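Here are some notes for reading this model alongside its sequence. Keep the 3D view open and follow the points in order.

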Amino acid sequence: MPSTQSNTTKSAILAVIPSVDRVLNMAATEVLILEYGRMPVVKAIRAMLMELRDNAARTNTLPQFDEPAIHAHLQAQLQLASQPALRPVYNLTGTVLHTNLGRAQLPDAAIQAVINAMTRPCNLEYDIDGGSRGDRDSLIEPLLLELTGAEAATVVNNNAAAVFLALNTLGLRRDVIVSRGELVEIGGSFRVPDIMSRAGCKLKEVGTTNRTHLKDYAESISGKTAMLLRVHTSNYAIQGFTASVAEKDLAALAHQHGLPFMVDLGGGTLANLKKLGLPNEPTPQESLANGADLITFSGDKLLGGPQAGIIIGRKDLIAKIKKNPLKRALRVDKMTYAALDAVLRLYRDPERLTQNLPTLRLLTRSVMEIDSTARILLPAVEQALAGHGTVAITPCQSQIGSGSLPIDLLSSVCLSITPQIRGKGEGSALKKIEQAFRQLPVPVLGRVTDGAFCLDVRCLEEKYVHEFMVQLGQLTLTYDGKSPGYAGEAVKV
Ligand SMILES: *Cc1c(COP(=O)(O)O)cnc(C)c1O
């Protein structure tokens, strides 16, 4: 009878599968305990034995018990479980400042500064000369003033927080006037109208989507007006029949009425990008010169530093902002000050900026250099694909990212991978290739366009080429309907 047979098999299986204690006492297990600790090893053994039992019962076969295979499996599982949640990846998407991939890479000087700040006590809020309590903003303010020419500066968690805090401080229950052409949404969660209402301000839209004139602003100023706001439309462009008001004129109008004029620059850079052969990007210095009273910008966009929101401008306004109790809730930690300080210092030496600051180094990388890296990678990628796909070196266009104009593209070079299978099954084969690269120990992220998986080589710098090629040996492509098997596939024992 089938049930009896099944029961016999079950007990036979149980007899073959070792106990947790037996696996724990094996010599090879001791090495694992030394590396990962006893509790994680016991957990991994339990999980493995359970899986063995389940597999055997499901397939009605006696498991072959093979010690080396068991330990290889345990080792792989333990290694997987001990991976940190935040892992390095290769950003070959072609978007240099990718918000989902951590935006700016920090320069070595900033990394060292952060390590120091984390390792030992530091003068975060301590005035060493006076021997008394200090203000953390004073760590960064002199440098920001030196580089921008502003009267005062403060730093918060990100640019969204900077805009929010400034609006909440100066515009609570009053009107803030913005052009209809500037009601931007950045990355889904930062929307000017939403930030405005949460900050307690009343949004007063003026003009139209494509054209706003000075008289539109002038006519909407009233006793309830708190300020005029200009938002840099960083991630889109309105083209064609357009008109917007120059910052100079907006500043003059605001000042005529005794109102402040604020500019949210988004990705403001302190460097002259045009001089570096990059698309022009307005700087905080220019907005200051145009008469802006407050300027906000991100630390981890074009500035190339840590996540932060920087507010510069008039001394009396910055003082008010710093007195807002929300400043305490939005303040940044010592690691951010350390990194920001180190990054800002690099701006004192503009000639070597593209060398020392990774963001600008990547953005200004020459096509020739990118192409030569692509040629080094080509044979290794071809070999790793093992006939499942073909690789071609093709021109492509990188984006700056993080809300910089998507129409400003940078010439680049990519490895364009197309699946071997054509027609039926081509789409899923392409998906498998994308997945296999994503499942490497250091995931390789590209973009799928026009039936190809494209790896934009711009952001693969020479120091990572070796590591990149070595791990390609682990690329696993299978077309048997299962997903590629690197991560966590059960070892057959
Ligand atoms: C990116 C951006 C923001 C938000 O900045 P975060 O640093 O991401 O918080 C706000 N305004 C503009 C115009 C932006 O481009």
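1. **The sheet.** Start with the open sheet, which is built from 5 strands. Their order across the sheet is 2-14-15-18-17. The pairing is mixed. Strand 2 (95-97) and strand 17 (447-449) are the edge strands, and each of them pairs on one side only. On average, neighbouring strands of this sheet are turned by 40 degrees against each other, with direction ignored. Bear in mind that this is a predicted model.

2. **How strands pair.** A general reminder helps here. Strands of a sheet pair through backbone hydrogen bonds, and the pairing is either parallel or antiparallel.

3. **Strand 2 with strand 14.** Find strand 14 at residues 389-401. Strand 2 and strand 14 run parallel, and 2 bridges join them. Which residue of strand 14 stands opposite T95? Look for Q399.

4. **Strand 14 with strand 15.** Now move to strand 15 (409-419). Do strand 14 and strand 15 run parallel or antiparallel? They run antiparallel, with 11 bridges joining them. Q399 turns up again here, as it stands opposite L409 in strand 15. So trace Q399 both ways: T95 stands opposite Q399, and so does L409.

5. **Helix 18.** Two helices deserve a look against this sheet. Helix 18 covers residues 367-385. Helix 18 lies across strand 14 and strand 15. Its direction is at about 10 degrees to strand 15.

6. **Helix 19.** Helix 19 covers residues 426-438. Which strands does helix 19 lie across? They are strand 15, strand 17 and strand 18 (452-456). Helix 19 runs at about 115 degrees to strand 15.

7. **The chain as a whole.** Now zoom out. The protein chain has 20 helices and 18 strands. Its C-alpha atoms fill a box of roughly 95 × 60 × 50 Å along the principal axes. Of its 493 residues, 46% count as buried. Take the contacts in the chain with a separation of 6 or more: 74% of these come from residues 24 or more positions apart.

8. **Surface and charge.** The accessible surface of the protein chain is about 24400 Å². Carbon and sulfur atoms account for 53% of that surface. How many positive and negative side chains does the protein chain have? There are 52 positive and 48 negative ones. The centres of the two sets lie 5 Å apart.

Notes
Residues are numbered from 1 along each chain as its sequence is written. This is a predicted model: local features need pLDDT of at least 70, side-chain atom pairs count only at pLDDT 80 or more; totals for chains, interfaces and linings use all residues. Side-chain values use heavy atoms; hydrogens and water are left out. Two strands pair if DSSP finds at least two bridges between them. Helices (H or I, at least four residues) and strands (E, at least two) are DSSP runs, numbered from the N terminus. Axes are lines fitted to C-alpha atoms, for helices over the stretch in contact, and angles run from 0 to 180 degrees between N-to-C directions. Contact means heavy atoms within 4.5 Å. Buried means under 20% relative accessible area, exposed over 50%, partly exposed in between (1.4 Å probe, protein chains only). Accessible areas come from the Shrake-Rupley method with a 1.4 Å probe; for residues, only the protein chains shown count as cover. Lys and Arg count as positive and Asp and Glu as negative; His and the chain ends are not counted. The place of a charge is taken as NZ of Lys, CZ of Arg, CG of Asp or CD of Glu.
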